[in-house]
Amino acid sequence: MGCGAQTDRGRVARFSPEMPNKSWLLLFLLLEVGFAQVDDDFIGLGELPETFPSDPPEPLPVFLMEPEEAYIVKNKPVNLYCKATPATQIYFKCNSEWVHQKEHTVEERVDENSGLVVREASIEITRQQVEELFGPEDFWCQCVAWSSAGTTKSRKAHVRIAYLRKTFDQEPLGKEVLLEQEVLLQCRPPEGIPAAEVEWLKNEEIIDPADDRNFYITIDHNLIIKQARLSDTANYTCVAKNIVAKRRSTTATVIVYVNGGWSTWTEWSVCNSRCGRGFQKRTRSCTNPAPLNGGSICEGQGIQKLPCNPLCPVAPSTDDVALYVGIVIAVILCIVISVVVALFIYRKNHREFSSDIIDSSALNGGFQPVSIKTARKADLLTAPPDLTSAAAMYRGPVYALHNVADKIPMTNSPLLDPLPNLKIKVYNSSGLVTPQDDLGGELSSKLSPKLPHCLLDNSDSTMGRRTQTLLRTRDPSCTALGSFSSQGGQLIVPNSGVSLLIPAGAIPQGRVYEMYVTVQRKDNLRPSVEDGQTVLSPIVSCGPPGALLTRPVIITMHHCAVCDGQQDWLIQLKSQSQQNQWEDVVVVGEENFTTPCYIQMDEEACHILTETLGTYCLVGQSLSAATIKRLKLAIFGPVTCPAMEYHIRVYCLDDTQDALKEVLQMEKQMGGKLLDEPKTLNFKDSTHNLRLSIHDVPQPLWKSKLLAKYQELSFQQVWTGSQRNLHCCFTLERFSVGTVDLSCKICVRQVEGEGQIFQLDTTLSEDSQSIDTSLLDPASNITTLVGPNAFRIPLSIRQKLCGSLDSPQTRGNDWRMLAHKLNLDRYLNYFATKSSPTGVILDLWEAQHFPDGNLSRLAQVLEEMGRHDSLVPAATDH
């Protein structure tokens, strides 16, 4: 201890050698005393350390959170965040410029574990800030943190405006491929920020290559089907999506076809002749495999024959011949007796029940659909509707049919009280009445002499003369007419999708109207359309015009617009004035209290509720390039072809029943036949033409006289629908008159759109089979439904429902819930303005579900509403 002190004193002495002796001596004494005191204080603690400890230096800031890349979607701003410790200050710098302190949100806290200060900062970036930046570099921001040791910078975070363009750079195209071939569907998604993710749909289901290894999606988003299977015949769609939007490509149809192959030959059959010259045969079939999806049929013969000459056996004895003759006579007698008995039973039943209405109870006895037995066709053709003949008879349930006394005349029913002298006669099945084509006679000749002539509101008036003039010039195949009272009924133009429903009570009490509905096919009656517009329905006239109606009638017609919930169409209802000028009535979806009618749009049909009879049609305005109009494609050829040339006509029609019916009528007159089932094609408002081409013409037997590879119909021709019966013609020439078989394919496709392929296999002979068009036979009878038989819901049940549901209920289970359950609640205010909202809703349900409305489903809806009071009491009335 003394030595240490000395060392220190020696150092002090050397520190100031120039001091005077006395001063130096005094300083020496003071140091001696000080060191002695230190020795006393640290006795027993050992030697002192060379240096004393001090606080460690503060480290540089470390970022716990750095700003991330961000995208602005539409006009929504984004926030950038950063966090650092230890940090005395923290700020953002964007595009090399400091962000103002006021634009920061800063929070400070102390980390419980390290005791260091943690600072967080955030700023908001708007779309305007990003758009105002000019330069080659994107908008970026960086976070800077300070501590006493210095600064630290975070990484740069870029802020971009997100978007996804609508048009694909490349869309997949439909293909026809042979079984087990590789298929490549290409897709280049639209440009976007961030880059779009791509997925593929097969029949609207996502394709996952992990689940099905036959699919492979390349790095550039193409879909590869390694080996095409029959199950891979489907519609494929490429879907691109990012944080902004989701885009779908056009659908590509892949058809996997199988070429036919022969089965093995069967064994030779026995000789077909028991005695003398004959032949035996063996067969094979084109089933190994059978041709599928347009694959080629087998070449060669399916039957081989060989001659054979078996020896004739000895003639049978007389006893054997007698036995055979006896057996034949016995069989003939049995057949004759059976026919006589069956004919007797049939005549007895037919005479007893020829005009009975059989009631089968349904829906707990509440709803009771009726089926009416068909009268003889000769009666329909020889006699006009006679309203004065004997009334049809009504029966109770089926178990009472044997009791003739149970029959109740319908004229005794209170349903016919408004017309006490009017009786109903059933003319054919389901209450159909077929009017005569000759309409020259007065309407009064069709009515009972007991019926007052004043009931015929349109017999001697201008309105009546105009109606009769129109009907005399009508096309009988597209017009229906009949006489109606306050009990209502329906007019149906068969196979055209056009009908007119006259609800009970629509015609005032005590009046009878001669009403009609007709489809106008003359070009000069069609409305003119502007750019982007198209006629979506047939032109339908109903009358008599100006007739007084006390509740809406319902006009039903088909349309060809594809309405899948998106706002792609603006659909207008137009009517023709007395001056033959077309006027706008209402835009679908924009009905209000002032509009005179309401339109219910279904997938294929529309229903117009109106109290004004006249001429109507639907006109659509396209709102986007994705708007779709349905086309019906039909291919016809001649029934016989004596000449060397064969003409194939391909029609591109609006997808309505009447358009196809008109072409069938025309082709029948021209001697044409349908070569393949008509097909539907979705045609987009993309301004691309419709392309038609013929393929796989058998070159050794036929040649095509088409000079180009394809024909095209212009977009305007197809879209506007201004040219009815639009078609193209392919002419083929055969090299030999003996060639009677023709097999080829016809492809109809919109450029860069969807398409359809027809496989034609026809024979140029009268006895060749053709496509069954019985359901579209234009010669079908025009039908009229009169009175209660025209409706599925019996009148008593309807009255119960209206009385129960018209009054508002606190629980809401009234007519409004009924409209919601039936998907008729698009514009409830229309029904609310009617005296019986429930009645109008049920009328619309009848029109939608004619002729086979499901009453069980309607009863189920009422049960779901909890309105059992609408069903059980009704059952007691029958």
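How many helices and strands does the protein chain have? In this predicted model, the protein chain has 14 helices and 50 strands.

**Figure 1. Overview of the protein chain in the predicted model.** The chain comprises 878 residues, of which 42% are buried. Among contacts with a separation of 6 or more, 69% link residues that lie 24 or more positions apart. The accessible surface amounts to about 47700 Å², and carbon and sulfur atoms contribute 53% of that area.

**Figure 2. Close-up of the open sheet formed by β13, β18 and β17.** The three strands are arranged in the order β13-β18-β17, with antiparallel pairing. Strands β13 (183–185) and β17 (215–217) each have a single partner strand and stand at the edges, so one side of each is left without a neighbour in the sheet. From one strand to the next, the twist averages 20°. Three bridges connect β13 with β18 (residues 223–225) in the antiparallel sense. Within this pairing, V183 has I225 of β18 as its bridge partner.

**Figure 3. Close-up of K574 in strand β35.** Strand β35 spans residues 569–576 and includes K574. This lysine has a relative accessible area of 11%; because the cut-off for a buried residue is under 20%, K574 is classed as buried. The side chain of K574 makes a polar contact of 2.5 Å with the side chain of D584. When neighbours within four places in sequence are set aside, the residues in contact with K574 include W582, E583, D584 and V585. T615, Y616, C617 and V619 are also among the contacts of K574 under that condition. D584 therefore appears both as the polar partner of the K574 side chain and in the list of residues that K574 contacts, with the contact cut-off set at within 4.5 Å.

**Figure 4. Close-up of T838 in helix α12.** Helix α12 covers residues 837–848, and T838 is found in this helix. The relative accessible area of T838 is 0%, and the residue is buried. A polar contact of 2.6 Å connects the T838 side chain with that of D806. Apart from neighbours within four places in sequence, T838 is in contact with L801, C802, L805 and D806, among others. W815 and L818 are also in contact with T838. D806 thus takes part in the side-chain polar contact and is one of the residues listed as being in contact with T838.

Note on methods
Residues numbered from 1 in each chain as written. Predicted model: local features only at pLDDT ≥ 70, side-chain atom pairs only at ≥ 80, totals over all residues. Heavy atoms only, no water. Pairing = 2+ DSSP bridges. Helix = DSSP H or I, 4+ residues; strand = E, 2+ residues; numbered from the N terminus. Axes fitted to C-alpha atoms, helices over the stretch in contact; angles between N-to-C directions. Buried < 20%, exposed > 50% of the residue type's maximum accessible area, 1.4 Å probe, protein only. Polar contact = N/O pair within 3.5 Å; in protein donor to acceptor, adjacent residues only side chain to side chain. Areas by Shrake-Rupley, 256 points an atom, 1.4 Å probe, with all protein chains shown as cover.
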